[in-house]
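User: Could you take a close look at one part of this protein, the interior packing around a single residue, and then lead me outward from there? I am in my first year, so please explain the terms as you go.

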Amino acid sequence: MSYHLRYQVLPGRDATPLARYCAEHGVDEVVLIYNSEELHSGHPVGVGEDLWFEHVAAVKGVLDAHGVGASLNPWVTVGHADRGRMQDLGFAPMVSPCGEASTATASFACPVWREWLAGHYGRFSELGFRVLWLEDDFRYHNHSPLTWGGGFEPEMLERFALLSGEKVEREDLVAAVTAGGPPHPWRSLLQRTWREAQLEALDAVRQAVGGRAKLGLMSSGLGIASVEGRDWAALFDRIDVHRPHFAPYGDAPGQALAYSIAMLELQRALRPEGVEVAPEIENWPHTEWTKSDTQTWSEMVAARLSGADGMLLDVHPFVTGEPERYPRIGRMLDRSRAALDVTASPVLETEGVAIPWWPQTAASIWGDGTFDGLTADPLRAARYLLPYGVPIKAGSGPVTALFGKVAWGVPDADVEAIFSGGVLLDGHAAVILTERGYGSLLGVEVEEVAERSEPSRVPYSMERIADGGALVSVNVQPALARLAAVSGAQVWTHILSPREEQWGDGRVAYVNALGGRVVTLAACAPESLGRCDDGQRLAHRAVRFLGGDFPLVSGGPHLMPQLAVAGGRRRLAIVNGSADPARPVVSGTAPDVATLLEPLREPRNVPVRSENGCFVIDEDVPHRGYAILEW
């Protein structure tokens, strides 16, 4: 397991203390970042670029002399955000859908910027770094203070006109691309325009680097990348190393690991074999006050379980001097290594409820007049299932979960195969699939979608379980689909008003004409339902009805599993996302070995015992701790 320390040596400072620190704490490589954050004064050119080049060369020389590897991370490509900066280099500025022009961020369509980018990377590649990183600003969205992002500058509109054969004003293009109803043809053409401009910039960098270094790319959310029309296959044809974002920058509840586990898994499925992966372990602002060591440790373990080759660590301040000033960080790295070594994941094949993702999904979504409305979030089903103890996997499988606007992305050619197996739907996906003509496969009729923001004489409030009559809340759901089960379907719950009047069916199970099994939830945001033991039992019942025969976990809130075959053994890793200790209960046969990973401590074996057809980890798993079970 490799530690890659992303670190900025201040100009004029000796890098010897950094090299010694790396040797002391087993850091294999420094990813030198420069011209970053507080030191960023714009895209470096002329004397400014010369100063950084000479400084970086000197630092690399010191690292080389001490046997420490080195990669390089220029802090900007097009530019992160304005933050009061202005550029006067002749770059065409990014322009937002609203017409706002950036003062510091360049357009992907600007030839002056592309020439600078290729020249800059080409020059620095001569220093012999292992990897040159393209920063996460290599994107159209999220360039503050622009609303949504850029891609509507005159230079980009000219490129669009060449593709479409029509000269289109920005306002008209935005209106057409985001309009309600079936997608306008201009949407896919705009995505192609953006995609080609981005790939041309990357090709220019590759040509300038000329094989002297590998190229690495940071990535973020899949849904918003789909709005941009990002072609992942084409990108991975051009890059060698992937740095997935997957965790919050600051302290967060342990249950946030559901997001992290799902982000790692869905991005893993996009990568071809042979692409090196080093997830970003970041706090920001970069200080010890931002994120606890316990959280950092748990995120590194989650990344290692997902198959990470190394850890790209953003854990030291960028402007306050040598790393030995922060001995706690070094101790954290030392104390984390044992857990990372035992969670190595060679030849990883995950198991669980399949969470499919089609990168072209945004091209199919019916719009609502905004760019945010074109974003489908493939993580929503995972955030519902994982905290209830249900493992997930990316891609296809016998049991699939489709939530929300992801249902727009299902290719027609895949529908029969998916619905011949088991499918879990939320109310929004049921509406979309009915609109697409597949309602006969679902076992429900969708009479309406009721928005919580709209007043009603009979408002939805709670859900009554048909077997036993227990009540669970749907009171804060932003929307609910009013379902009516068809003949032959099983109604598991009913939606009630505050006066216990019948509102509609809540959870419906059905065997369709293809022999597939479907469970539909009225909730349009199941991941935000109030959680409880009854809710977990309903989730487990759904998975079993749909044909899921893998282990399920209970025994406490937010016990989240990662299930895989790794290194020839089946492995179930359960992390405790609750602040309270718990003893996980797992369905199935007891494992050959059970290992407890307590944060920042040495791994140790723990006992298990059988109980009512399940087995119990017979020792407390602490907050953000892991139980690793192997067969």
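Analyst: In this predicted model, phenylalanine 108 is in contact, meaning that heavy atoms lie within 4.5 Å, with Val78, Met94, Trp113, Arg114, Phe138, Arg139, Tyr140, Glu153, Met156, Ala197, Gln198 and Ala201, once its neighbours within four places in sequence are left aside. Residues are numbered from 1 along each chain as its sequence is written, and side-chain values use heavy atoms, without hydrogens and water. Local features need pLDDT of at least 70 and side-chain atom pairs count only at pLDDT 80 or more, whereas totals for chains, interfaces and linings use all residues.

Phe108 also belongs to the largest nonpolar core, a set of buried Ala, Val, Leu, Ile, Met, Phe, Trp, Tyr and Cys residues joined through side-chain atoms within 4.5 Å, where buried means under 20% relative accessible area and exposed over 50%, with partly exposed in between, for a 1.4 Å probe and protein chains only. This core has 195 residues, and those that touch the most other members are Phe108, Trp113, Phe419, Leu424 and Tyr626. Helix α6 (residues 185-209) supplies the largest share of the core, 9 residues; helices (H or I, at least four residues) and strands (E, at least two) are DSSP runs, numbered from the N terminus. Another core lies apart from this one and has 6 residues, including Val31, Val131, Trp133 and Val241. In soluble globular proteins, nonpolar side chains tend to be buried together.

Phe419, named above among the core members with the most partners, leads us to helix α13 (residues 412-419), whose buried residues are Val415, Ile418 and Phe419. Seen down the axis of α13, these buried residues fall within an arc of 80°, taken from the directions from the helix axis to the C-beta atoms, so they line one face of the helix. An α-helix has 3.6 residues a turn, so residues three or four places apart point the same way. On the other side of α13, Ala413, Glu416 and Ala417 are exposed. The buried residues of α13 are covered by elements that include the strands β15 (399-402), β16 (422-425) and β23 (517-521), together with helix α14 (427-435).
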